[in-house]
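This briefing is written for a reader at the bench who has the sequence and the model to hand. Please consult both while reading the points that follow the display.

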Amino acid sequence: MKTLMVQGTTSDAGKSTLVAALCRVFAKRGINVAPFKPQNMALNSAVTKDGGEIGRAQALQAIAAKVEPEIDFNPILLKPNSDTGAQVIIHGKAISNMEAGAYHNYKKVAMDAVITSHNRLAKRFDLLLVEGAGSPAEINLRENDIANMGYAEEVDCPVIIIADIDKGGVFAHLVGTLALLSESEKARVKGFVINRFRGDISLLQGGLDWLEDYTNKPVLGVLPYLHGLALDAEDAVAIDNNVTNATINIAVLLVPHISNHTDFDALRLHPHININYVCHTQTIPDVDLIILPGSKNVLGDLTFLKNEGWDTQIKRHLRYGGKVLGICGGMQMLGNTLNDPDGIESSLKQVNGLALCDFETTLATQKVLTKITATLLLNNQSTPCSGYEIHAGISQGTALNKPFLSFDESHPHSFAFDGFISDDNAIAGTYLHGLFDEADATSQILKWVKPSASINPISIVDHREQQLERLATMCETHLNIQQIISIYEGHNND
C-alpha cells in the first residue's frame with residue numbers, strides 16, 4: 001500500500017477538505033483508496049456500521065472515497081469535555097476520560113493503536129490518504145507525536161503541506177513550518193498546496209517562484225476560494241446563516257460543548273429557513289422552534305444554559321405557542337434530573353433539568369453507538385427515517401410513553417421506541433442524530449413546527465455529493481495530480 005499524508009501550517013488550513021477531494025479524484029480513477037487520520041480531536045463524530053465512533057471528517061472522506069466508514073480510518077478520537085480534558089476513544093470505543101497531561105504520556109500506547117489500524121488497512125487498500133492534525137510545527141506537542149510527523153516517520157510516508165492564503169502570511173507560514181522540522185522531516189515534505197486564493201493568479205506567481213527557489217520544494221497547485229462550499233464540519237459551527245423573510249425561524253442554543261451540530265446542516269442550507277445560533281450573553285430571539293442540541297458535557301452545558309437565563313426564555317417561548325426540540329443531550333436537559341454518578345462526563349453528579357417533561361436520565365459507562373432505521377411518529381403519521389445514536393444516557397419516565405420514534409428490528413438494544421412528544425404537542429425529544437438529513441422526515445418535523453408552512457426540504461446526501469464532485473473538479477483543474485501521483489508512487493513506502 002502507498003501512503004500520502006496532508007499536513008497543514010495551521011488548524012483549518014484545508015487538510016480535511018483536500019484529503020476528501022483527493023479521495024474522490026483517485027476513486028474516480030479506479031484506485032482503491034481510503035482516508036486515515038491517526039488522531040482527531042473533534043466533537044462532531046460519526047457511527048460506523050460496526051458500532052464504532054470516528055471523526056465526522058473521516059466519515060465524509062470515506063464517502064468521497066466511495067467506501068464504508070470504519071473505525072480504522074480514525075483509530076484515536078479525542079472528544080473534549082472540559083478545557084483541559086477529553087474522552088479518549090480508541091478503535092471506536094471510549095476507554096476513559098483523560099486530562100491533557102495524562103494523555104500526553106499515553107501517546108506511546110496510542111501509537112500502537114494507530115499502527116495497528118494502518119497495517120490492517122494496508123492489507124486491503126492500494127492508497128491511504130492521511131490527514132494530519134493542527135500543525136507539525138507545534139513545538140510543545142512534538143514529543144511522542146502521533147498526529148503529524150511522528151506518524152509519517154513511523155510509516156515512512158511522503159508529506160504535502162497545505163496553507164490557507166486567505167488567513168494572510170502564507171509564505172511565512174510555509175517557510176516557518178518547514179524551518180521548525182528536523183532534517184529527516186524536511187526531506188519528507190515533497191511539496192506545498194496553497195488554499196483559498198482569491199484574485200489574479202499572475203500576481204501571486206512571483207511569490208510562488210520565490211518559495212520554490214527558497215525551499216527547493218514544488219508548489220503543487222493553488223486552490224481557489226470556493227464560495228458557498230458546504231460540507232460536514234469537523235468542529236467549528238458555521239453561524240453565518242442569515243435568511244431574510246424566512247418561512248421558518250429556528251434558534252439553536254450554542255452551548256460550550258455542543259456536539260454533532262452537523263445535524264442542522266440541511267436546515268442551514270435551506271433558502272427559506274433561518275437558523276439563529278444563540279451564543280453566550282445573547283437572548284433567544286422570537287422564533288418558531290428552539291433546538292437544544294447534542295452535548296459532550298450535558299450537566300455542564302445545562303448549568304451554562306441556566307446561567308444564561310435561557311431556561312426562563314424557553315418557558316416564555318412555550319407560553320406563546322412556540323415549539324421546542326431536544327436532540328440527544330438536548331433531550332436529556334428537558335427532563336426532571338440528570339444524573340452522572342460515575343463521572344462519565346464531568347465532576348457534577350446531579351443537576352436539575354428544565355422539568356418541562358416527566359422523565360430523568362442517568363449516564364452509564366456503556367455508550368450506545370449505532371446506525372439505525374426507524375419510523376417517525378409525528379403529526380399522526382408514520383414516516384421512515386434513519387440516523388445514528390451516540391449517547392451514554394438512559395432516560396426513563398412517563399413522558400416517554402408517547403414516543404417520537406419507533407425502531408425497526410435491526411436496533412441492537414432491547415427498547416423499541418425513542419424519545420417523546422409532549423401531551424400538548426409543543427415539545428419533542430429524541431436521541432437520533434441526522435434527523436434532518438432525509439427530506440420526508442424533515443417535512444414532517446417542519447409541519448409539526450408550523451403547519452401552515454410549505455417547504456421542500458434539502459437532501460443533505462444529494463447536496464454532499466454535489467459538493468464532493470465540485471471539489472474533485474477543482475483539484476483536477478488546479479493541482480498537478482500527476483505530480484502528486486509521482487510523489488506517492490516514487491516514495492519507498494509499503
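The points below describe the chain as a whole, an annotated segment, and several individual residues.

This is a predicted model, in which local features need pLDDT of at least 70, side-chain atom pairs count only at pLDDT 80 or more, and totals for chains, interfaces and linings use all residues. Residues are numbered from 1 along each chain as its sequence is written, and side-chain values use heavy atoms, with hydrogens and water left out. The chain contains 14 helices and 26 strands; helices (H or I, at least four residues) and strands (E, at least two) are DSSP runs, numbered from the N terminus. The radius of gyration is 23 Å, close to the 23 Å that the globule rule gives for 494 residues, so the chain is as compact as a globular protein of that length. That radius is taken over C-alpha atoms, and the globule rule is 2.2 Å times the number of residues to the power 0.38.

**Overall dimensions and surface**

- The C-alpha trace spans about 70 × 50 × 45 Å along its principal axes.
- Buried residues make up 59% of the 494 in the chain; buried means under 20% relative accessible area, exposed over 50%, and partly exposed in between (1.4 Å probe, protein chains only).
- Among contacts with a separation of 6 or more, 74% join residues 24 or more positions apart, where contact means heavy atoms within 4.5 Å.
- About 19,700 Å² of the chain is exposed, and carbon and sulfur atoms supply 49% of this area; accessible areas come from the Shrake-Rupley method with a 1.4 Å probe, and for residues only the protein chains shown count as cover.
- The chain carries 39 positive and 56 negative charges, whose mean positions are 1 Å apart. Lys and Arg count as positive and Asp and Glu as negative, while His and the chain ends are not counted; the place of a charge is NZ of Lys, CZ of Arg, CG of Asp or CD of Glu.

**Annotated segment**

- An unreviewed UniProt entry assigns the annotation "domain: CobQ/CobB/MinD/ParA nucleotide binding" to residues 4-230. UniProt positions are given in the numbering used here, feature names are shortened, and annotations may be inferred rather than shown by experiment.
- Residues 4-230 are 36% helix and 27% strand, and the C-alpha atoms at the two ends are 25 Å apart.

**Positive phi outside glycine**

- Lys66 is not a glycine, yet its phi is positive, at about 65°.
- This lysine, Lys66, sits in the loop between helix H2 (56-65) and strand S6 (76-80), and Lys66 counts as exposed at 56% relative accessibility.
- Arg196 likewise has a positive phi, near 60°, and belongs to strand S11 (residues 189-197).

**Phe73 and Phe125**

- Phe73 is placed in the loop between H2 and S6 and is buried, at 0% relative accessibility.
- Beyond residues up to four places away in sequence, Phe73 touches Ala34, Pro35, Phe36, Lys37, Gln58, Ala62, Val67, Glu68, Leu121 and Phe125.
- Phe125 lies in the loop between helix H3 (100-122) and strand S9 (127-131) and is buried, with a relative accessible area of 6%.
- With neighbours within four places in sequence set aside, the contacts of Phe125 are Met1, Asn32, Val33, Ala34, Val67, Glu70 and Phe73.
- The C-alpha atoms of Phe125 and Glu70 are 13 Å apart, with these positions 55 residues apart along the chain.

**Pro293**

- Pro293 is located in the loop between strand S16 (289-292) and strand S17 (294-295) and is buried, at 2% relative accessibility.
- Not counting residues up to four places away in sequence, Pro293 touches Val252, Leu253, Val255, Ile258, Phe264, Ile327, Gly329 and Gly330.
- From C-alpha to C-alpha, Pro293 and Phe73 are 26 Å apart in space and 220 residues apart in sequence.

**Leu468**

- Leu468 is part of helix H13 (residues 460-478) and is buried, with a relative accessible area of 0%.
- The C-alpha atoms of Leu468 and Ala64 are separated by 6.5 Å, although these residues are 404 apart along the chain.
- Leaving aside neighbours within four places in sequence, Leu468 contacts Ala20, Arg24, Leu60, Ile63, Ala64 and Leu231.
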